[in-house]
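Here are my notes on the model you sent. They are in numbered points, going from the whole chain to single strands and one residue.

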Amino acid sequence: QAKITGSTNWAAGGSRLQPSAGMTDPAFLLFGAHDVGISNFRLTGFPNGVSFQESAMRCALSDLDIQGSTGPGISSSLATGIRMERLLIREGAAAGLSAGSSTLSMEACVLWSNRNSAIVASSGTKIQMSNSVVAATGSGQYCYQMGTNVFIVADYNDLYVTNGAEIAYGS
């Protein structure tokens with residue numbers, strides 16, 4: 001497995017990545033990649049913190065702070081076996097996680113204060129999540145926003161809604 005690891009010294013600021021002006025790419029784009037691990041980064045202001053695309057598989061994210069994304073903090077399309085542990089996805093302009101035709105697992109993650117629904121899952125997506133905090137704020141926003149043929153297995157999570165948000169919506 002290839003590993004991309006930042007500093008574990010969070011007290012001293014850790015490893016921070018910010019986009020240059022006009023950058024339209026994610027901090028990390030895993031296009032067809034497999035067996036890649038990314039950990040210990042603070043990613044601020046990117047379109048996506050991490051994007052899994054076109055048959056990415058068996059990749060792992062851990063100990064990331066994804067803040068202020070202009071799109072979904074994590075984006076996944078046609079990806080399988082994606083594992084996420086101890087992620088903080090916060091204060092983004094879109095969903096915390098957006099996934100389509102993907103298989104993902106989340107453990108001990110926090111999706112907080114994102115402007116759209118916390119998790120947006122479209123057709124063919126399977127998500128297993130536990131011990132996580134999922135928050136949604138505002139009318140028309142949801143902790144889980146799901147399309148058809150979506151399966152979410154969730155256990156021991158804290159679902160937090162305020163200002164008219166709701167737990168789930170399926171279409």
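How many helices and how many strands are there in the protein?

1. Secondary structure. The model, which is predicted, has zero helices and 18 strands.

2. Overall dimensions. The radius of gyration is 15 Å, which agrees with the value near 16 Å that a compact globule of 171 residues would have. Measured out along the principal axes, the C-alpha trace spans about 40 × 35 × 30 Å.

3. Burial and contacts. Of the 171 residues, 45% are buried. Among contacts with a separation of 6 or more, 48% are between residues 24 or more positions apart.

4. Surface and charge. The accessible surface is about 7,900 Å², and carbon and sulfur atoms hold 49% of that area. The protein has 9 positive and 11 negative charges, and the mean positions of these two sets lie 6 Å apart.

5. Strand S4. This strand covers residues 36-44, and eight of its nine residues are buried. Which strands pair with S4? Strand S1 (residues 2-5) does so in the parallel sense over four bridges, with Val 36 in S4 as the bridge partner of Ala 2. Strand S2 (residues 16-17) also runs parallel to S4 and is joined to that strand by two bridges; here Leu 17 stands opposite Leu 43. S6 pairs with S4 in the parallel sense over seven bridges, and one of the partner pairs is Thr 44 with Gln 67 in S6.

6. Asp 65. This residue sits in strand S6, which spans residues 60-67. Is Asp 65 buried or exposed? Its relative accessibility is 6%, so Asp 65 counts as buried, the cut-off being under 20%. Leaving aside residues up to four places away in sequence, Asp 65 touches Trp 10, Phe 41, Arg 42, Leu 43, Leu 88 and Arg 90. Of these, Leu 43 was named above as standing opposite Leu 17.

7. Strands S10, S13 and S16. S13 (residues 126-130) pairs with S10 (residues 103-107) in the parallel sense over five bridges. In that pairing Ser 105 stands opposite Gln 128. S13 also pairs with S16 (residues 151-155), again parallel and over five bridges, and there Met 129 stands opposite Ala 154.

8. Points to look at in the viewer. Start with S4 and its parallel partner S6, then find buried Asp 65 and the residues it touches, including Arg 42 and Arg 90. After that, follow S13 to S10 and to S16.

Terms used: Residues numbered from 1 in each chain as written. Predicted model: local features only at pLDDT ≥ 70, side-chain atom pairs only at ≥ 80, totals over all residues. Heavy atoms only, no water. Pairing = 2+ DSSP bridges. Rg over C-alpha atoms; globule rule 2.2 N^0.38 Å. Buried < 20%, exposed > 50% of the residue type's maximum accessible area, 1.4 Å probe, protein only. Contact = heavy atoms within 4.5 Å. Areas by Shrake-Rupley, 256 points an atom, 1.4 Å probe, with all protein chains shown as cover. Lys, Arg positive; Asp, Glu negative; His and termini not counted. Charge placed at Lys NZ, Arg CZ, Asp CG, Glu CD.
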